[in-house]
There are 2 protein chains.
Amino acid sequence: MTTMSDGEEIVFEQPCPIRDVLDRIGDQWSLLILEALAPGTLRFNALMREIGDVSKQMLSRTLKQLEQDGFITRTLYPEVPPRVEYTLTPLGRSFLEPMRQLVAWADAHHGAIVAARARYQARQEQT
Amino acid sequence: MTTMSDGEEIVFEQPCPIRDVLDRIGDQWSLLILEALAPGTLRFNALMREIGDVSKQMLSRTLKQLEQDGFITRTLYPEVPPRVEYTLTPLGRSFLEPMRQLVAWADAHHGAIVAARARYQARQEQT
DNA sequence: GCACATGGTCTAAAAAGCAGACCATGGGAT
DNA sequence: ATCCCATGGTCTGCTTTTTAGACCATGTGC
């Protein structure tokens, strides 16, 4: 399954699918983008405004990866100025479900985390 | 966002709990560590062997963050040579459930992702 | 004629991550 | 006695990643 056409790009068999998937969605921006796209289609700049503190380059790069892995589709309308729309694919939408569990957990336990942080800090200052 | 240098941390008001939690668990190593710790307590070097390609520095740093946020406990036994054990807290264990959903999804859809990648690459080569 | 908006890419600088050296110390092999 | 290893980290450069900001082509409103 390794493709030799580009010569440089050698893809290894990933023995651990979890690791492979985590490498993609476990970065700084992927989950945020997917979450932003959950309510519906968004354009590039709208996505950037939605997320707030992502650089153009990283947004562009991460979107490309998500498209590559089949989470989203990129549609270019050849108008002027150009319009580009990003939409979740069925695969992307199917990912929303486990992600929502994660988000629900985050919401439910955020207080506990903040408390743990405070406890930790207090313990540090005590010494 | 929070900047973290060893020993001194500046915590901003996080208006979005999801964002706050994602910043912690959404890095290269946290999920992997939590997964490795799921079966039971592990020592530092055992953890390093388990994960395989993490540097001591990042493992140490990430463990410190996880401890800080209450996901794990660090127990130092003052023997020689020193022994340090890392264990999931109840909070950490409660996180395992949504994480398992994620892992299950990854397992189930890994094939689709690989296929999407192949399709994307074929499309690129066509031009 | 001028600035603006679009969706990016390019570049230089800053930040994060890496491998490997180093630490103190006790135990086992030589 | 001496050498060497194992422990859990931290420190030091070097490499990779991310960032901010300039730049691009072009059609529209002023």
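Which side chains meet in a salt bridge at 2.8 Å, N to O? In this predicted model, the partners are Asp69(B) and Arg117(A). This pair belongs to the boundary between chain B and chain A, for which the count is six salt bridges. Polar contacts were also examined across the interface of the two chains, and twelve residue pairs, both members at pLDDT 80 or more, satisfy the rule.

Several helices of chain B contribute to the side that touches chain A. Helix H1 (17–25), helix H2 (30–37), helix H4 (56–68) and helix H5 (90–126) of chain B each provide at least two residues of that side. The most is given by H5(B), with 21 residues. When the side of chain B that touches chain A is sorted by class, 23 residues are nonpolar, nine are polar and 15 are charged.

The extent of the association was then considered. The size of an interface is often expressed as the accessible area that is lost when the parts come together. For chain B and chain A, the buried area is about 4,300 Å², and carbon and sulfur atoms account for 64% of this area. Of the area that chain B buries against chain A, 15% is supplied by Trp105(B), Arg117(B) and Tyr120(B), more than by any other three residues. In terms of residues, 47 of chain B are in contact with 46 of chain A.

Attention was next turned to DNA strand C, which is surrounded by 18 residues. The closest of these are Lys56(A), Ser60(A), Arg74(A) and Tyr86(A), together with Met58(B) from the other protein chain. The surface near DNA strand C draws at least two residues from each of helix H3 (44–51), helix H4 (56–68) and strand E3 (83–88) of chain A, and likewise from H4 of chain B. H4(A) gives the most to this surface, with four residues. By class, the surface near DNA strand C comprises eight nonpolar, five polar and five charged residues.

On the nucleic acid side, sugar or phosphate accounts for 73% of the atoms of DNA strand C within 4 Å of the protein, and bases account for the rest. Individual approaches to the strand involve both side-chain and backbone atoms of chain A. A polar side-chain atom of Ser60(A) is placed 2.7 Å from a phosphate oxygen of DNA strand C, and a polar side-chain atom of Lys64(A) is placed 3.2 Å from a phosphate oxygen of the strand. For Pro82(A), a backbone N or O atom lies 3.2 Å from a sugar or linking oxygen of DNA strand C.

Notes. Residues are numbered from 1 along each chain as its sequence is written. Chains are lettered from A and ligands numbered from 1 in the order in which they are written. This is a predicted model: local features need pLDDT of at least 70, side-chain atom pairs count only at pLDDT 80 or more; totals for chains, interfaces and linings use all residues. Side-chain values use heavy atoms; hydrogens and water are left out. Contact means heavy atoms within 4.5 Å. Buried area is the accessible area (1.4 Å probe) that two parts lose on being put together, summed over both. A salt bridge is a side-chain nitrogen of Lys or Arg within 4 Å of a carboxyl oxygen of Asp or Glu. A polar contact is a pair of N or O atoms within 3.5 Å; within protein, one must be able to donate a hydrogen and the other to accept it, and residues adjacent in sequence count only if both atoms are side-chain atoms. Ala, Val, Leu, Ile, Met, Phe, Trp, Tyr, Cys and Pro count as nonpolar, Asp, Glu, Lys and Arg as charged, and the others, Gly among them, as polar. A residue is near a molecule or strand if one of its heavy atoms lies within 4 Å of it.
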